[in-house]
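Me: I am new to this structure. Please take a close look at one part of it, then lead me on from there.

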Amino acid sequence: MKFSTALSAIVLCASALHAADLPESDYYKITTFDTPEGTALEVSAIELLPGDRLALGTRRGEIWTVSGAEAAEPSALKYQLFAAGQHEVMGLAYSKKDDSIFTTNRYEVARLKDDDGDGRADTFATVSDGWGVSGDYHEYAFGSRFDKDGDLWVTLCLTGSFSSAIDFRGWAMRIKPDGTMVPTCSGVRSPGGIGFDADGEVYFTDNQGPWRGACTLQHLIPGTFQGHPGGFKWYDKAPNMGPRPVEPTDKSRMVTERERIKELVPPAVYLVHAKIGNSSSFIVCDQSAGKFGPFEKQLFIADQSASNISRVFLEEVNGIKQGAVFPFLKGFKSGIIGGRMDDVHGQIFAGGSDRGWGSKGGKPFDFERVNWTGKVPFEVHEMHAKPDGFEVTFTEPVDRATAGNVASYSMREFTYIYRAEYGSPEVDDVIPKITAATVGADGKSVRLTISPLTKGHIHELHLDGVRSTSGGALVHPVGYYTLNEIPKT
Amino acid sequence: MRTFLSLLLASIFTIATATAETFTFIIKTLPAQMRYDTTELTVTPGSEVKIAFENPDDMPHNLLFFQPGTDVVAVCNAQLEKPEEALKRDWIPTDPRLLAHTPLVNPKGRAELAFRAPDAAGVYPFVCSMPGHAAIMQGRMRVSGAAPKLQDLKFAMYLGAWKTLPDFPTLKPFREGELKDGLVEIKLDDYRNDFGVVYSAKVNAETAGDYTFAITGDDGVRLSIDGKKLVEHDGIHPAADIRAGKVKLAAGTHDFRLEYFQAAGEAEIFAAWSGPTFAMTPLSKWTPPNWKEGAQAKRKDPNSGMPLTVEKEPVIYRNFIVGAGDRGIAVGYPGGFNIAWNAETMALALVWRGAFIDAARHWTDRGGGAQPPLGYDVLNAGGESGLPLAVVADGSEWPRLAKGERATDFKWRGYTLDHGRFPTFSYDWNGVKVSDRFDVAGNGTTDSGKLTRTVKLDGAVPAGALFRLAAGAAQPTGDGAWIVENGTKMRVSADGAKLAGKSLVVPARSEIVVTYSWPTGAR
C-alpha cells in the first residue's frame, strides 16, 4: 500500500504512531473472488437475487448466477451460466413479480426467465428496443434497477462518445413496465453507471470529454438537459420534453450557462479529474443501517481507470443537488464497472475489466467484494454548505485544539471550462480566507467560516491538521464540494 | 551507405522516408484499441527524427520516448501515486530518462514532434503516459547501426536425393569451400537438383540481448545457433514462408550453422538477423521479394483467434455481424450449420456452414467493428436489409430498410429457447404474431445436411402478403426446389415458392416450412 507513505508525508508531523498510519484496508477489506474457468468474467453489471445469490453481467454478454459470494467467509463460489451471447450486459434488474432478470444490452431491455428450473434462461422477451444503434462500438447502453415507480432507466452513450448519429444517443430514457420508452433527459455524454440515492432519486455518472471538464455525478431529473448538447436533434422526436433548449455557449462556465439555459442541471458533484478518478462507473448507496460502517445513505462511486471507489455526500440546496466527494478505497484488481450494494450483509460487490481502457488494477477482469472491518475510520462524515462557509462533521470526536484552529485547514476554489473541447484544466482559482473554525457542542462537527464562497466552484478542503480526540489524523484529509448553490440560510 | 540504410529503414508498420539525415514518421492512435498504429521505428544514430502524431481516437493520448531499458509502464504508473502533480504536468513524467515527447493531444487532434536521435544505438521505448494506457499503448524506436557480417563463412556441399533435411554429419561432403564476402549463397556448379549445403560461420553479437534470425529456402532449411536448433522449415517447398526464431545471446561470437537441401526446381536460400542495435539485415546474397515484411515478427491479428465452438447445443452470439444489421443474432447449430438473424428487419440475414464465428474482434480491445462469419458458403438470404413480409405490387421492389432505419410495422419480441436450446424468434407484423425457428438434420458440411425453417403466423394475414425465403437470383431445379444464388448457391424448397423480382417468396400463411441445403457437389 502506497497510501500510508503518501499520507504520512503530508499529514503526520509529530507523531507517527496514530491511527492514520493504518491503511484504508484496516477499515474496509477487499476480497477478490476466483472466477469461472474458460471465460473472462469482465463484470459490467451486478444484481442481487433471492436466496443469497447474485447475477453478474459481463462485457462478453454472459450472465452468471453466483452463490456463496454473500457468505461472511466465502469459500467456494458456485457459478452457473444463466445466459450467454447477449450484446454486452450493462444493466441487470431483478423483478420478484416476474421472477425474471431484466437485462439491458446494447440495443434492448429484455426480460430473461428460467422457465424450466434448470438454472438457465429460456425466455428472452424484448421489453423495449426503442433506441437507435448505428454499429459504433461506443454506443453503450447502461441500464438501472427498477426505480420507485417500477420503471427502468437507460443512459445511451453518444456515437463514438462525441456525436449522436442515431435516435436518442446522448439521452436518458425511461422504460415503463408496458415497454413504453419515455425520453427523459438530454445531455448525456458517455455514461458509466446509474444508481439511486436513499430517497430513490436517480443519478448517473458521466465521463470527462467535450462539455465535461471532469467526470461528474449527474442528477437525472425528468425533462432536464444534463450538459452535452450532442443529442439535441432528438427533441424533435420527444414532444414530452418540450422545446429544444438553448445551445450552450462554448468556453463558458456551468454557472453562467445555467442562467441562460433553464433546462440545464449542473453536475451534482464533480468527480475531480485525476484526484478522484478519470473514468467514473457504478453508483451504489449504503442503506445497510450501519452494517457498512458510518456512511449511511451516502453514495459510493467507482472509477474504472483508477480501480477505486470514492464516497459522495449529497444535500439539496435551493432545489439543486450538490455535495462533496471524498477518496474512499483503492486497490481493486481491475477497472471496476459493475457494482451492487448488498444492504442485508452490508457489503459492496464490484467487478470489471480494463479491456480497451487501461486501469490501475492491472488485471484484465475481476469480481470482488468490500466489507467493513468494524473499525470506524476517522473521516469527514458530512460536509454541508452554509451561507458563509461549511459545516463539517466527523465520524469520531475531534480534538478541540486542532479542529478549532483555522491553521488546520486550507481551501482552494476552482472550476472547469464548460466547452466543446475535450476536458478542461482547473481554472478561475480562488484562495479564500478561513476566518473561523468553531467546534460544535457535540465535539464531532466544525463550523468553518470562509470568505468568499464562489457559486459554481469546486471547494477543495484540506484538513491536514485536524486530529481526533485520540490523536489520529484523518484517513483522507481532503474533500471536494461542488457549490452549485450557496444556501440562503 | 545511404541506399543501404534506407533499405533497413522501412518496417511494415510505418512509412519512413529518409532524406539526408531526417526520418519522418506518421504515428496514429488506433480508435477503440488503446494502441498506436506504428510500434516499430528505425532511425540512424544522430539523425533528425520528425513525427506527426495523429489521434483519431475518442480520448486524449500522447507520445513519449525514453532511454533504452526504461520500464515505461512503471514510470507512467508511478504518476498515479500523485495524480494532482501529474495532472499539472499533463501526465508527462519527470523521469530523467525521458527523451522527447508530444504534448497531450486531444481526440481528433494532432501534434508534431522533432528531436535528434541519440548517438547510442539501442532500442528506445515509446509510450502513452495517460493514466492506465502505458501497459498496452507502447512501441519502440530502434536507433540502428550496421549489422555485423558473418565471419569465417564456410560451406560444405553434399549430394543426395532427399525429401527432408538429411543427417549431414553422417554424410561425406562432396565439396567444401569458403564464402569470403560473408553472405550465404548457393554455388550451383553443375548441380541443380538433389544436393544439400551446410553453412557454418561465426556471428558476432556486439551487445548482449535478444537477436532474431529469419530464414527461408527452396527447399528445406534449418538454422542452429551454438549447436541448438533455432528455426526450421523442412521439406520441399518454395521460398515464400519466412520463419523466424528469437534467441538471447551473450556479447561475443557464436556458432552459426545453416543447413539446406534442394530436391528439384527452383533453388534459393535466405537468412537474415536483427539485434538490439540493428534492424533486420540479410545474411544471404539472395533475398525474397517480401523479406522485410516476412522477416519481421508477425503481429497478431487482434480480430481473430477466439472462434466460438458449437458442440451439442446451439450457441448464440449477439453483436455487430457483417450482413445482419446492427442488431444481429448469430446462431451456430450443431452439425456445422449457422445463421444470422437480423433483429432490425426481423429477417433471416445469413446462412453459412462450417465454423461459427470468431469473437476476437469484439472481445479484444474495445470491440469495435462488425464481424463476418467464420465458416464458408455464406448465403446472403436477407439481401440488403430486406424485410421478411410484405404486400408488394407486381414489378415493384421488395421493401428494405436503409441504414439505421427502423421498420415501423414490425415489432421485435425476442426469442425463447427450447430444451435443446434451439431459439425461436418472435415478432409482430401488423398485428400478426410471427415466430421463426430453424432445425437441423445431418451435417451442414456434407451434401446430406439440411436446415429446416418453420415460420408460423398467428393473426389475420393481409391479402396478397408474401413471405421472403431468400433474396437473390433463383432458378427452378425442376423437382420443385429452387437454386438461389446470393453470395453462394443454396437449394431452397417450400410449398408454393415462386419468384417475385429478385426474391424467392411464398404466399404468407399460417405455417411455412422451408428447407435450405447446399446443392450436391457444391464442394
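Reply:
**The start of chain A, and onward**

Begin with residues 1–21 of chain A, where pLDDT stays under 50. That score is the predictor's confidence in each residue, from 0 to 100. The model has 30 contacts beyond four places in sequence for this stretch. Two residues are in contact if their C-beta atoms, placed from the backbone, lie within 7 Å. Where pLDDT is low, the predicted coordinates should not be read in detail. Chain A as a whole averages a pLDDT of 94, and 96% of its residues score at least 70.

This is a predicted model: local features need pLDDT of at least 70, side-chain atom pairs count only at pLDDT 80 or more, and totals for chains, interfaces and linings use all residues. Residues are numbered from 1 along each chain as its sequence is written, while chains are lettered from A and ligands numbered from 1 in the order in which they are written.

Now look at a sheet in chain A. Four strands form an open sheet in the order S2-S3-S4-S5, paired antiparallel. Strands (E, at least two residues) and helices (H or I, at least four) are DSSP runs, numbered from the N terminus. Two strands pair if DSSP finds at least two bridges between them. Strand S2 (43–49) and strand S5 (78–83) of chain A are the edges, each pairing on one side only. Strand S4 (residues 63–67) of chain A is joined to S5(A) by 5 bridges. Across from Ile63(A), in S5(A), stands Ala83(A).

Arg169(A) lies further along the chain, in the loop between strand S11 (152–156) and strand S12 (171–175) of chain A. Arg169(A) is buried because 28 other C-beta atoms lie within 10 Å. Buried takes 20 or more such atoms within 10 Å; exposed means 12 or fewer, and partly exposed is in between. Beyond four places in sequence, Arg169(A) touches residues including Gly132(A), Glu139(A), Cys157(A) and Gly231(A). From Arg169(A) to Asp206(A) is 37 residues in sequence and 14 Å in space, C-alpha to C-alpha.

Next, the meeting of the chains. Chain A brings 41 residues to the contact and chain B brings 38 residues. On the chain A side, strand S9 (residues 123–128) gives the most, with 4 residues. S9(A) pairs with strand S29 (residues 410–417) of chain B, antiparallel, over 3 bridges. One of the S9(A) residues, Thr123(A), has Thr416(B) as its bridge partner in S29(B).

Then the core. The largest nonpolar core has 188 residues. Such a core is a set of buried Ala, Val, Leu, Ile, Met, Phe, Trp, Tyr and Cys residues joined through C-beta atoms within 7 Å. Among those with the most contacts inside this core are Leu56(A), Leu271(A) and Trp341(B). Strand S25 (residues 347–353) of chain B gives the most to this core, with 6 residues. Trp341(B), beyond four places in sequence, is in contact with residues including Ala324(B), Val331(B), Leu348(B) and Phe425(B). A second, separate core of 40 residues includes Val184(B) and Phe270(B).

Val184(B) comes up again beside Lys285(B). Leaving aside neighbours within four places in sequence, Lys285(B) is in contact with Leu183(B), Val184(B) and Glu185(B). Its loop runs between strand S20 (278–282) and helix H4 (291–295) of chain B. Lys285(B) is partly exposed because 13 other C-beta atoms lie within 10 Å. Between Lys285(B) and Ile339(B), 54 residues apart along the chain, the C-alpha atoms are separated by 52 Å.
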